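The following exercises concern a structure that is new to the reader. Each task is followed by a solution that proceeds step by step.

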Amino acid sequence: MTERQVIKRAKYKSSIKDPGTPGVLTMKRERFVFMPSDPRSLMKLNVEFRFIIGHKFSKEAPNKKALLNLTQDKGESYIFEFDSFSDRDACRDFVAMAIAPPANAGKAASDKSTGPPSTEQLSTAEMDRRIKLLQVDSELQKLHKEFVMGGVLTEAEFWATRKKLLDDKISSKSKQRVGLKSDMIFNVKPSSDGQALHIAHKFISHALSHAVIQIFAEKPAVRRAYLNLVPKKMTETDFWIKYWRAEYLHSTKNIVAAAAEAAEDEELAVFLKKDDILASEARRKIRRVDPTLDMEADEGDDYTHLPDHGLSRYALKDSTDSQYDLYKRSFLQDLNRHAAVVLEGRSVDVELGDTRSVAEALTRLKQVESANEASNTLMEQGRSDLISRMAELEDLQGPRDHPVAPLSIKDPRDYFDSQQANAVKTLGESQSGSKHMKCILNAHEAYGSLRKSISEIKGLGLTDPIVKPEVAIKVFNELTRRISNTNYHLGKDPHESVLDGLPNVTKEEILHYRFVSQQWTSIQELLKHFWSSYPITTTYLHIKVNKVKDAMSKIYQKLQDIKSSVQQDFRHPVSLIVQPMTQALDAAFAHYEADFQKRSTKSVERPNGFV
Amino acid sequence: MTPVSKKLYTDDVSLLVVLIDTNPYFWSTSNQGLPYSKFLSHLIAFLNSILLLNQLNQVVVIATGINSCGHIYDSSLAPPNKRAETLLQKLEDFVLKDEELSAEDSVDGIKSSLLSGSLSLALCYIQRVFRSGTLHPQPRILCLHGSPDGPGQYVAVMNSIFSAQRSMLPIDSCVIGAQHSAFLQQASHITSGIYAKPQQLDGLFQYLSTLFATDLHSRSFIQLHKSVGVDFRASCFCHKSTIDMGYICSVCLSIFCKPHKKCSTCGSTFGQPQATVSSTSNLKRKAVDT
């Protein structure tokens with residue numbers, strides 16, 4: 001910030017055609033003031049730069065006027081005509097600097113309309129956050145050091161693209177919903193009546209809301225009973241006592257006693273009988289299943305003949321007694337119901353303190369769901385269409401006569417024979433083995449010679465040394481050559497490059513491997529700023545682009561040097577890594593050149609919007 | 001076997017099952033290569049060195065004959081100071097038995113040895129080791145083979161290779177014969193083992209101890225022999241030449257390089273051209289794996 005203010009003679013025009021009111025234009029850091037020469041004139045202006053979002057200026061040309069147009073974000077614009085271009089240019093530069101975010105200030109210019117002006121210093125909280133981020137992330141720190149300290153980018157630009165990192169309010173909020181617990185805590189089986197009472201009291205006194213939610217979610221009949229009975233007919237305490245007594249009765253596995261008690265006490269009956277809401281829901285769900293699904297059943301699916309997989313609550317002595325059917329409840333059913341509820345997810349927040357409100361909330365939810373389902377008549381239509389079309393099931397059709405052609409498949413050995421010959425041929429080995437040895441061998445002789453060798457070695461023992469040193473050296477050399485030859489590294493794993501196989505020291509020695517891969521992050525950062533500065537409208541952007549371009553050319557030069565200094569063997573993989581980087585940089589440079597050309601030619605052609 | 005404490009079971013305890021080729025026709029005619037006695041001496045020295053690497057290492061030797069296969073040596077059962085003698089004795093007995101089983105007196109060319117049989121024996125033994133409990137050495141198979149591949153064993157060998165792959169058993173192969181073995185190449189490729197064909201046969205021991213002595217744990221950080229690659233290309237049924245693109249019969253999946261009217265394998269006629277589908281089924285491109 002070199003100047004604190006600029007004072008020039010200018011004419012204020014409300015539009016281009018306006019001859020203009022002569023006066024003095026004073027530009028300070030935060031505002032500009034126009035005082036007309038004529039004290040009676042009403043064309044006084046006092047506008048803060050906060051509201052100015054851009055400026056336009058006419059090109060320098062001998063016959064044209066020197067105009068500067070300051071645009072406000074509300075649409076109004078202020079046009080000033082200057083006596084000379086140099087005056088206009090001075091004002092223009094001042095305006096540019098005033099509008100653009102100053103080097104040490106906070107957010108970008110667009111934030112000017114909200115809150116305090118951007119020329120204020122950074123708040124300490126902001127600085128703290130930045131410093132912490134830099135300490136935590138070393139890569140970020142490296143980039144920061146390279147560019148901001150090196151003068152290529154300003155602080156504001158660097159952090160402008162990282163607003164998300166700085167805003168810790170957003171990051172602390174977890175995006176995940178906590179689900180329901182999957183354990184069935186309240187499948188407690190009271191072993192005596194007294195214990196049932198004890199549990200009921202504990203339940204009530206602690207008002208365990210998530211337990212209540214679980215019970216209400218899994219047993220809609222209980223929920224309905226609660227809504228109906230409490231507090232009209234009985235207190236909450238009584239309700240829960242009855243509920244736990246019912247649980248106790250279930251646990252005794254005495255159906256007869258359960259039926260007897262149910263007959264006496266109406267409310268108890270609700271808890272003992274099967275949940276009819278669930279039953280109707282299940283029926284509805286079954287109706288929605290697509291009957292055209294082809295599901296083949298096999299023996300493994302036959303669970304109907306096993307008595308509840310051994311988990312039955314009731315030792316059914318008299319299984320045909322239908323009057324007690326109503327009171328049977330199996331563990332499997334409870335388990336399934338619980339699983340279904342957990343998978344549905346948490347539909348009600350735990351914050352509701354009152355049991356009653358929880359019950360009501362759950363009921364409301366279920367009603368909404370059923371209303372949605374009922375309105376899906378279109379879906380029903382579609383389904384019934386599908387059903388009628390698929391009425392013809394294939395396995396119920398009569399056999400259609402196909403002429404069956406007999407299959408004659410040749411011996412696979414013939415195929416293999418040729419395969420093997422080909423495979424051997426391609427390996428480039430001479431076919432000495434299979435072709436030449438056509439001599440007729442006597443079995444006896446062959447076996448005999450084998451046995452002789454064995455007894456020979458038995459007598460001789462192992463030779464000392466096993467392998468002669470010259471031979472050993474030859475073998476070693478051959479193997480080492482083979483292992484180190486990079487040709488043989490193809491084929492196995494396309495992602496594993498040769499470079500990964502080298503020990504770290506060699507890598508760094510040979511090609512500054514780590515350096516090359518790190519350059520990528522720097523290049524990306526630079527490119528991001530480069531491309532975001534186009535199209536160049538202000539001098540500020542112009543300067544920025546130039547700085548960024550210089551940094552990019554330096555990196556480009558470094559990459560070229562690496563490529564040329566690398567050894568023969570590794571040239572290919574290295575160039576594979578380096579190439580996308582150079583391509584991106586080349587594209588950026590090309591764009592820069594083209595734009596530069598365009599701008600230099602455009603300045604000769606038409607003026608910048610001003611007639 | 002006395003129970004061993006867990007502390008002694010380091011990462012590199014290995015069980016090596018060696019399949020040696022006992023094809024008399026092959027050994028008696030390999031004049032430029034290794035005589036059988038030398039081969040045995042290299043082998044015994046190698047087995048000793050394996051047993052020296054770790055106290056708990058185990059070695060099992062299975063012989064691949066022409067008419068039969070059999071267990072020759074098991075280091076956990078044999079007396080420790082008489083290893084070579086036990087091995088050689090059993091080998092001699094095996095050769096005798098194999099000779100008795102042979103039907104013909106003279107043979108044209110070199111017969112192939114029963115690779116599939118010995119692979120199956122090895123796999124069964126290893127399965128037994130797997131089921132002996134959680135504390136067992138890491139098994140691998142080393143195949144020292146020289147005889148040519150027998151096309152009749154193709155299906156059986158491929159089955160054993162796939163079951164080895166399933167149990168994650170590497171099959172290493174060291175081919176001593178004159179030509180490469182397609183079976184063993186595939187075996188090593190699929191099970192990620194090592195395939196080598198030594199050029200200097202009198203340095204066989206050096207090859208064995210450099211390439212094949214590494215246990216499974218160390219293979220993750222030791223750079224070993226990488227094979228050039230297996231040629232998986234198909235060959236056409238009419239000319240037996242390898243092709244990249246061809247025609248396939250949709251009934252039996254046999255491959256042809258030129259369009260035919262009738263499939264020569266299954267006899268189905270191509271030929272009723274439909275509106276959208278061409279009569280000679282799919283045009284398939286085989287990926288060349290090098």
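**Exercise 1. Determine which residue with a positive phi follows α6(B), and describe that helix.**

Solution. Step 1: in this predicted model, α6(B) is followed by Ser192(B), whose phi is positive, near 55°.
Step 2: Ser192(B) belongs to the loop between α6 (182-190) and β7 (195-196) of chain B.
Step 3: most residues other than glycine have a negative phi. Ser192(B) is not a glycine, yet its phi is positive.
Step 4: the helix before this loop, α6(B), is mostly covered, with seven of its nine residues buried. These buried residues are Ala182(B), Phe183(B), Leu184(B), Gln185(B), Gln186(B), Ala187(B) and Ser188(B).

**Exercise 2. Locate Met168(B) and decide whether Met168(B) is buried or exposed.**

Solution. Step 1: Met168(B) is placed in the loop between α5 (154-166) and β6 (171-175) of chain B.
Step 2: its phi is positive, about 60°, although Met168(B) is not a glycine.
Step 3: a residue counts as exposed when its relative accessible area is over 50%. Met168(B) has a relative accessibility of 68% and therefore counts as exposed.

**Exercise 3. Describe the surroundings of Ala196(B).**

Solution. Step 1: Ala196(B) is part of strand β7 of chain B.
Step 2: the cut-off for a buried residue is a relative accessible area under 20%. Because its relative accessibility is 3%, Ala196(B) counts as buried.
Step 3: when neighbours within four places in sequence are left aside, Ala196(B) is in contact with Ser173(B), Cys174(B), Val175(B), Leu211(B), Phe212(B) and His225(B).
Step 4: Ala196(B) and Ile176(B) are 20 residues apart in sequence, and their C-alpha atoms are 9.0 Å apart in space.

**Exercise 4. Establish whether Ser268(B) is buried or exposed, and name the residues that Ser268(B) touches.**

Solution. Step 1: Ser268(B) occurs in the loop between β9 (255-256) and β10 (283-285) of chain B.
Step 2: with a relative accessible area of 18%, Ser268(B) is buried.
Step 3: not counting residues up to four places away in sequence, Ser268(B) touches Cys249(B), Val251(B), Lys262(B) and Cys263(B).

**Exercise 5. Find the residues of chain A with which Gln206(B) is in contact.**

Solution. Step 1: Gln206(B) is situated in helix α7 (residues 204-212) of chain B.
Step 2: the relative accessible area of Gln206(B) is 12%, so this residue is buried.
Step 3: beyond its neighbours within four places in sequence, Gln206(B) is in contact with Val467(A), Ala472(A), Val475(A) and Phe476(A).

**Exercise 6. State the strand order of the open sheet of chain A and explain why β4 and β5 stand at its edges.**

Solution. Step 1: the open sheet comprises seven strands in the order β4-β3-β2-β1-β7-β6-β5 (chain A), and the pairing is antiparallel.
Step 2: β4 (45-48) and β5 (52-57) of chain A each have a single partner strand, so one side of each is left without a neighbour in the sheet.
Step 3: on average, neighbouring strands of this sheet are turned by 30° against each other, direction ignored.
Step 4: at one of these edges, β5(A) pairs with strand β6 (residues 66-72) of chain A in the antiparallel sense, over five bridges. His55(A) stands opposite Leu70(A) in β6(A).

**Exercise 7. Identify the residues that make the nonpolar surface patch of about 240 Å².**

Solution. Step 1: the patch is made by Ile7(A), Val24(A) and Met35(A).
Step 2: of these residues, Met35(A) is found in strand β3 (residues 31-36) of chain A.
Step 3: the relative accessibility of Met35(A) is 42%, so Met35(A) counts as partly exposed.

**Exercise 8. Summarise chain A and chain B by their helices and strands, buried residues, contacts and accessible surface.**

Solution. Step 1: chain A has 25 helices and eight strands, while chain B has seven helices and 10 strands.
Step 2: in chain A, 33% of the 611 residues count as buried; in chain B, 52% of the 290 residues do.
Step 3: among contacts between residues at least 6 apart in sequence, those joining residues at least 24 apart make up 59% in chain A. The corresponding share in chain B is 65%.
Step 4: the accessible surface is about 38700 Å² for chain A, with 55% supplied by carbon and sulfur atoms. For chain B the surface is about 13200 Å², of which 54% belongs to carbon and sulfur atoms.

Notes. Residues numbered from 1 in each chain as written. Chains lettered and ligands numbered in written order. Predicted model: local features only at pLDDT ≥ 70, side-chain atom pairs only at ≥ 80, totals over all residues. Heavy atoms only, no water. Helix = DSSP H or I, 4+ residues; strand = E, 2+ residues; numbered from the N terminus. Buried < 20%, exposed > 50% of the residue type's maximum accessible area, 1.4 Å probe, protein only. Contact = heavy atoms within 4.5 Å. Areas by Shrake-Rupley, 256 points an atom, 1.4 Å probe, with all protein chains shown as cover. Pairing = 2+ DSSP bridges. Axes fitted to C-alpha atoms, helices over the stretch in contact; angles between N-to-C directions. Patch = residues over 30% accessible without salt bridge, like charges linked within 9 Å, V, L, I, M, F, W, Y side chains within 5 Å. Salt bridge = Lys/Arg side-chain N within 4 Å of Asp/Glu carboxyl O.
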